[in-house]
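Colleague: Got a few minutes to walk me through this one? I'd like to go through it piece by piece.

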Amino acid sequence: APIVGHSQANDRNYTYRCVGKDKKKYYGQTVPAACIGQPLELINKQGLVVKRIDPEGEEKERLAKEAEAEKKREIETAQKDALRRNRALLATYQNEKEIEDARARELSDHRQQVREGENKIAEIKPRRGGFEKEMAIYKEGGKGEPPQRLREEITNADIDLKAQQTLLEVKKKDALAINARYDEDRKLYKEAISGPRR
């Protein structure tokens with residue numbers, strides 16, 4: 001069956017012609033098997049080309065249109081997101097000073113959390129040191145094997161210490177993220193109050 005959808009395709013006055021993948025020319029009143037998927041020409045009895053059909057080219061054109069439509073949708077979505085973000089910033093802050101005040105509050109809370117982490121580490125270290133001293137008494141004083149309880153206390157102290165140190169490292173890095181976020185808010189706020197660029 002013809003695949004071109006041309007009203008003259010079945011008319012005996014027209015012939016399909018193509019160059020197959022083997023570089024040979026093929027002719028037929030219907031589309032030759034070797035022409036399927038290849039660019040086609042519809043020629044009349046005088047040998048003149050009345051229509052060119054390029055299935056691959058049409059597919060590429062369709063895909064290009066779909067990609068363009070998708071890009072347009074992405075741009076529209078980004079514009080809507082930017083508008084929502086700007087509205088949220090303008091609703092949250094009255095001026096740039098409020099942004100800096102919010103930054104200062106969050107950094108203050110952050111410093112407090114860092115101090116709490118440091119205090120917990122400062123509490124664990126001497127406690128662990130006490131267990132180590134007790135362990136040394138058993139080892140060096142010839143009192144025999146230290147009790148299992150003592151070994152467990154040291155293990156638990158090590159686990160607590162490692163957890164608090166890891167948490168403290170994460171917290172310290174959070175300060176960079178906080179500053180970066182408020183820097184971005186300030187930049188976007190300036191853009192929002194200056195209106196859309198032309």
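Modeller: Sure. Strands here are DSSP runs of E at least two residues long, numbered from the N terminus. Keep in mind that this is a predicted model.

Colleague: Then where does K23 lie?

Modeller: β1 and β2 form a hairpin, with five residues between them. K23 is in that turn and has a positive phi of about 75 degrees, in a residue other than glycine. So its place is the loop between β1 and β2.

Colleague: Is K23 buried or exposed?

Modeller: The cut-off for exposed is over 50% relative accessible area. K23 has 69%, so it counts as exposed.

Colleague: How do β1 and β3 run, parallel or antiparallel?

Modeller: Four bridges join the two strands. In one of the pairings, T15 has I43 in β3 as its bridge partner. The strands β1 and β3 run antiparallel.

Colleague: Which residue in β2 does C18 stand opposite?

Modeller: C18 belongs to strand β1, residues 15-19. Four bridges join β1 to β2, and these strands run antiparallel. Opposite C18 in β2 stands Y26.

Colleague: Which cysteines form a disulfide?

Modeller: The structure holds one disulfide. Its sulfur atoms are 2.0 Å apart, and the link is left-handed, with -85 degrees about the S-S bond. It ties together distant parts of the chain, 17 residues apart, from β1 to the loop between β2 and β3. The pair is C18 and C35.

Colleague: Is C35 buried or exposed?

Modeller: Buried means under 20% relative accessible area. Its partner C18 comes in at 3%, so that one counts as buried. C35 is at 0%, so C35 is also buried.

Colleague: Which residues is Q38 in contact with, leaving aside its neighbours within four places in sequence?

Modeller: Q38 lies in the loop between β2 and β3. With a relative accessible area of 15%, Q38 is buried. Its contacts, with those neighbours set aside, are V19, G20, K21, I53 and P55.

Colleague: How far apart are the end C-alpha atoms of helix α3?

Modeller: α3 covers residues 148-194, which makes 47 residues. At 1.5 Å a residue, the helix should span 69 Å, and the model agrees. The end C-alpha atoms are 69 Å apart.

Colleague: And what do the buried residues of α3 pack against?

Modeller: Several residues of α3 are buried, including L150, L161, Y182 and A192. Q164 and D185 are among them too. The buried residues of this helix pack against α1 (55-92) and α2 (96-140).

Technical notes. Residues numbered from 1 in each chain as written. Predicted model: local features only at pLDDT ≥ 70, side-chain atom pairs only at ≥ 80, totals over all residues. Heavy atoms only, no water. Expected span 1.5 Å × (residues − 1). Buried < 20%, exposed > 50% of the residue type's maximum accessible area, 1.4 Å probe, protein only. Contact = heavy atoms within 4.5 Å. Disulfide = S-S within 2.5 Å. Pairing = 2+ DSSP bridges.
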